[in-house]
Amino acid sequence: MSSSIVLGIESSCDETGAGLVRDGRLLGHALASSMNEHARYGGVVPEIASRAHLNALRPVIRQALDEAGLRLSDIGAVAVTTGPGLSGALQVGLAGAKGIAYALGVPLYGVHHLAGHVAADTLEHGPLPNPCMVLIVSGGHTSLLLVRDLVRDPIVHLGDTLDDAAGECFDKVARVFGLPYPGGPAIDRAAREGDPRAVPFPRPLTGPRDAPYAFSFSGLKTAAARWAEGYTGRELPVTDGAASLQEAIADVLTRKAVAACVEHHVGTLIVVGGVAANSRVRSLAEERCRAAGIELRVPPLRLCTDNGAMIAAIGDLLVRAGAEPAPLDVSIDPSAPLEYAALCPAASLAGAA
């Protein structure tokens with residue numbers, strides 16, 4: 001007997017996503033982005049994001065259903081991102097998910113956004129190995145995780161970012177270089193024409209006495225800004241700067257991730273999040289994993305950035321594991337730590353936080 005069709009809703013930042021998954025198979029998904037509306041400000045404006053989610057949520061769900069050839073009444077469970085993320089944006093997604101779940105009389109699951117990124121890989125490559133090493137790299141998060149059973153076991157943090165995440169570093173340096181927002185794709189494009197050895201940017205937290213799996217990119221950001229200042233009054237060699245910055249970030253990320261796999265005797269590395277779409281991060285991870293005899297899994301580009309399919313994927317895993325649905329008073333937690341895949345703070349506790 002087949003399990004339920006799970007509708008996943010994602011609205012944590014500037015993308016409104018809906019996805020439909022059953023038994024680990026993606027049936028349909030749709031995405032609307034408000035990125036162009038934020039570009040003029042050089043970053044995401046929470047109020048603009050919330051309004052965009054309000055306008056996009058129903059059409060995105062309808063589009064996902066149409067792609068899958070399904071009706072709303074076919075949905076057997078709803079999963080929604082309840083944290084972390086922008087408060088107003090999360091509220092829009094949760095309100096929509098509650099309305100659908102209650103109208104259909106189906107269970108609702110509040111899930112952690114980052115666990116969704118991990119689950120996205122299962123839609124392409126099947127069940128996660130137990131254990132596996134997961135490198136999450138995005139605009140707001142850089143973490144190295146030891147994952148066993150994603151929906152049953154606690155997620156072990158081997159290292160997290162101490163300041164700027166990798167994606168944040170890309171965005172801020174791109175602005176200094178005069179490149180458009182979002183900075184990650186802009187740096188990646190510019191780097192294709194540059195020399196990655198042109199600028200000796202530092203590799204933060206890679207010294208012998210440093211935290212082995214923690215990340216820090218604020219010093220790299222500052223070094224890039226100081227380098228650009230040295231060209232005041234002269235033309236900035238943007239392509240060389242972009243290639244060198246990208247190489248430094250990819251070097252640190254992949255060096256630490258592969259070292260963690262070797263130390264913990266884990267045979268599979270999974271790289272997820274928006275920065276997993278970066279061409280140099282992917283190619284250097286492939287090169288180093290191959291040399292170390294480690295299997296590398298990276299979701300396809302369309303599943304690296306925020307999307308509803310990944311939320312449906314984690315919801316599908318929770319349903320099949322027999323997890324308890326969220327309580328009726330489930331609320332958001334904009335700064336939720338990643339401890340478990342399910343994230344179900346009660347309204348009274350979330351309000352107190």
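**Reading the pockets and sheets of a predicted model**

Author: The second largest pocket holds about 290 Å³ of space. Among the 19 residues of its lining, Thr122, Pro127, Leu128, Leu317 and Arg320 are the closest to the centre. The structure discussed here is a predicted model.

Reader: Which elements give two or more residues to the lining of the second largest pocket?

Author: A lining may be read by asking which elements of the chain contribute to it. In this case they are helix H5 (122-125) and helix H11 (308-320). H11 gives the largest share, with 4 residues.

Reader: How does the lining of the second largest pocket divide by class?

Author: Each lining residue is assigned to the nonpolar, polar or charged class. For the second largest pocket the result is 9 nonpolar, 4 polar and 6 charged residues.

Reader: What is the volume of the largest pocket, and which residues are the closest to its centre?

Author: The same reading applies: volume, then lining. The volume of the largest pocket is about 1100 Å³. It is lined by 37 residues, of which Ser138, Gly139, Gly140, Asp171 and Tyr181 lie closest to the centre. At least two lining residues come from each of helix H4 (113-120), helix H6 (166-176) and helix H7 (183-191). The largest share belongs to H6, which supplies 6 residues. By class, the lining of the largest pocket comprises 12 nonpolar, 15 polar and 10 charged residues.

Reader: Let us turn to the overall build. How many helices and strands are there in the protein?

Author: The protein has 12 helices and 10 strands. Its radius of gyration can then be set against a rule for globules. The value is 20 Å, close to the 20 Å that the globule rule gives for 353 residues, so the protein is as compact as a globular protein of that length. Along the principal axes, the C-alpha trace spans about 65 × 45 × 40 Å.

Reader: In what order do the strands of the sheet that contains E1 stand?

Author: A sheet is read across its strands, from one edge to the other. Here 5 strands stand in the order E3-E2-E1-E4-E5, forming an open sheet with mixed pairing. Strand E3 (25-33) and strand E5 (108-112) are the edge strands, each pairing on one side only. On average, neighbouring strands of this sheet are turned by 20 degrees against each other, direction ignored.

Reader: How do strand E1 and strand E4 run, parallel or antiparallel?

Author: Strand E1 (residues 6-10) and strand E4 (residues 77-83) run parallel and are joined by 4 bridges. One residue pair illustrates the pairing: Gly8 has Ala79 in E4 as its bridge partner.

Reader: What is the order of the strands in the sheet that contains E6?

Author: The order is E8-E7-E6-E9-E10; these 5 strands form an open sheet, and the pairing is mixed. At its edges are strand E8 (156-160) and strand E10 (295-297), each of which pairs on one side only. From one strand to the next, the twist averages 20 degrees. Strand E6 (residues 132-137) runs parallel to strand E9 (residues 268-272), with 4 bridges between them. Met133 has Leu269 as its bridge partner in E9.

Reader: Which strands does helix H9 touch as it packs on the sheet?

Author: For a packed helix, one reads its contacts and its direction. Helix H9 (residues 238-263) touches E6, strand E7 (142-147), E8 and E9. The direction of H9 makes about 160 degrees with that of E6.

Methods: Residues are numbered from 1 along each chain as its sequence is written. This is a predicted model: local features need pLDDT of at least 70, side-chain atom pairs count only at pLDDT 80 or more; totals for chains, interfaces and linings use all residues. Side-chain values use heavy atoms; hydrogens and water are left out. On a 1 Å grid over the protein atoms alone, a cavity is a set of points where a 1.4 Å probe fits but cannot get out, and a pocket is an open set with protein on both sides within 12 Å along at least five of seven lines; lining residues have an atom within 4 Å of a point. Grid points are joined across faces, edges and corners, and a volume is the space filled by probe spheres set on the points. Two strands pair if DSSP finds at least two bridges between them. Axes are lines fitted to C-alpha atoms, for helices over the stretch in contact, and angles run from 0 to 180 degrees between N-to-C directions. Contact means heavy atoms within 4.5 Å. The radius of gyration is taken over C-alpha atoms; the globule rule is 2.2 Å times the number of residues to the power 0.38.
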